[in-house]
Amino acid sequence: KLLSTSDSSSNGMAEGQSIPLNFNENPLGLAPKAQQAITQALPQAWRYPDKARSDLMAALSQSLTLNESQLIYGNGSSEVLKMALDALAQANCQLVMPDPSYGVIIDYAMARGIPVVKVKLDGQWQTDLAKMQAKVAAHKGPSIVYLCNPNNPTGILLPQSPLNQWLDKASSQLSFIIDEAYVEYVAQPGFVSATARVQQGQTNIVVCRTFSKIYALAGLRVGYGVAHPTLIKAMQAQASIDSANLLGCVAATASLASPDWLKFSLESNHQAKELVYQQLNELGLEYLPSEANFIFHSVKGDSQQYMERMEQAGILVGRPFNHGEGWNRLSIGTPAQMHYFCKTLAKFRQLGWV
Ligand code: PLP
């Protein structure tokens, strides 16, 4: 049962704790089966994680209808992003990516001396595929393109058919890293994950996925990559040996066997998002309809100051993003937490802060 929304006096957290709406985590926490799996496996945690990891890879291969040779484990998808970049990097290559987007890969590229070309989102906050393509065409050398689908912080999906047309062009001079950290939340009919391309044998695409978001295992560090077996081998060569965590692996395997928990999480996210949309509509604050577990919305003012005021009110919200002046990214908590957020936002309006 979803949490009650009746408590209006406190933020519903333990004394002194803020509601964490800043890192796009699943507020419902681990699936019960995942918790049980951890408890059961704990006495075995003195052992290396090989079996737990290979059980997880077998379960993933089954659930995604992929060969195990098309999969790689990562210590969070952050490690998958790093392995993908290392495997795809060539002399004189550049990284092309949208801005704003998820920025970890920028740090990896800079540490490796790979120039990063950031392409501003267009006027509709959409990833500007045409401009990105122009940057690729203008470069004398290979390009690695990073795309986040749905994008973080906007929650918007890439336009499927222009994306497909570009992905068709993947080659040894043009490779793609597609970050699908929030894919399980996507509700849009007709959406096709880029993993389908790997199933069809495409060679220059890596899809990065994670158990940190809807599966609620952010603290246990479990992610995976999907790519052609040759590319997976090249990525494996960049991996830290035994970067897997035994407890994370058993929890992830149990989460895959918990479709009811996933459904419950989706319903909770949907219900909580609707509450926020309604409040934003009432206050006339612009927002982007989200295909993920966060909403990018206008705060009609300085987003840093807004963030600090929310923190004083017991709520941690997202941070400022490039080109998102006056906007904020809000992670979706439980319906009860979002009810509290909405009331706080309405108070901010009374104070003339939003
Ligand atoms: N990709 C995107 C788009 C994200 O938003 C995040 C985390 O916020 C990650 C990847 C990294 O997640 P993790 O390393 O926990 O799998």
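# A walk from strand β7 outwards

Start by selecting I177 and V206: the bridge partner of I177 in β7 is V206. Before going on, note that this is a predicted model, where local features need pLDDT of at least 70 and side-chain atom pairs count only at pLDDT 80 or more, while totals for chains, interfaces and linings use all residues. Numbering runs from 1 along each chain as its sequence is written.

**Strand β7 and its neighbours**

Now colour β7, residues 205-210. Strands here are DSSP runs of E with at least two residues, helices are runs of H or I with at least four residues, and both are numbered from the N terminus. Two strands pair if DSSP finds at least two bridges between them. β6 (residues 174-179) runs parallel to β7, with four bridges. Add β8 (residues 223-226), which is antiparallel to β7 and also joined to it by four bridges. In that pairing, C208 has G225 of β8 as its bridge partner.

How many of the six residues of β7 are buried? Six of six, so to speak a mostly covered strand. Buried means 20 or more other C-beta atoms within 10 Å of the residue's own, exposed means 12 or fewer, and partly exposed is in between, with C-beta atoms placed from the backbone. Side chains in a regular strand alternate between the two faces of the sheet. In β7, I205, V207 and R209 are on one side, V206, C208 and T210 on the other, and both faces are covered.

**The ligand**

T210 is a good handle for the next stop, being among the closest of the 13 residues around the ligand, along with G76, S77, S78 and S212. A residue counts as near if its C-beta atom, placed from the backbone, lies within 6 Å of the molecule. The shell has four nonpolar, eight polar and one charged residue. For these classes, Ala, Val, Leu, Ile, Met, Phe, Trp, Tyr, Cys and Pro are nonpolar, Asp, Glu, Lys and Arg are charged, and the others, Gly among them, are polar.

**The core**

Next, pick A84, I177, L217, M235 and A251, the residues with the most contacts inside the largest nonpolar core, which has 95 residues. Such a core is a set of buried Ala, Val, Leu, Ile, Met, Phe, Trp, Tyr and Cys residues joined through C-beta atoms within 7 Å. Zoom in on A251: leaving out residues up to four places away in sequence, A251 touches L30, A34, A37, I38, L217 and L220. Contact here means C-beta atoms, placed from the backbone, within 7 Å.

**Two domains**

Colour by domain: domain 1 is 19-30 + 260-350 and domain 2 is 32-256, with bounds from an automatic or database domain assignment. Their C-alpha centres are 25 Å apart. Across the boundary, 24 residues of domain 1 contact 25 residues of domain 2. α10 (259-283) and β9 each give at least two residues to the domain 1 side, and α10 has the largest share there, four residues. That side holds 10 nonpolar, 11 polar and three charged residues.

**Strand β11**

From β9 (residues 294-298), follow five bridges to its antiparallel partner β11. S298 has W327 of β11 as its bridge partner. Strand β11 is largely enclosed by the rest of the structure because five of its five residues (327-331) are buried.

**Last stop: G103**

Finally, select G103, in the loop between β3 (94-99) and α4 (104-111). Is G103 buried or partly exposed? Partly exposed, because 17 other C-beta atoms lie within 10 Å.

Technical notes. Contact = placed C-beta atoms within 7 Å.
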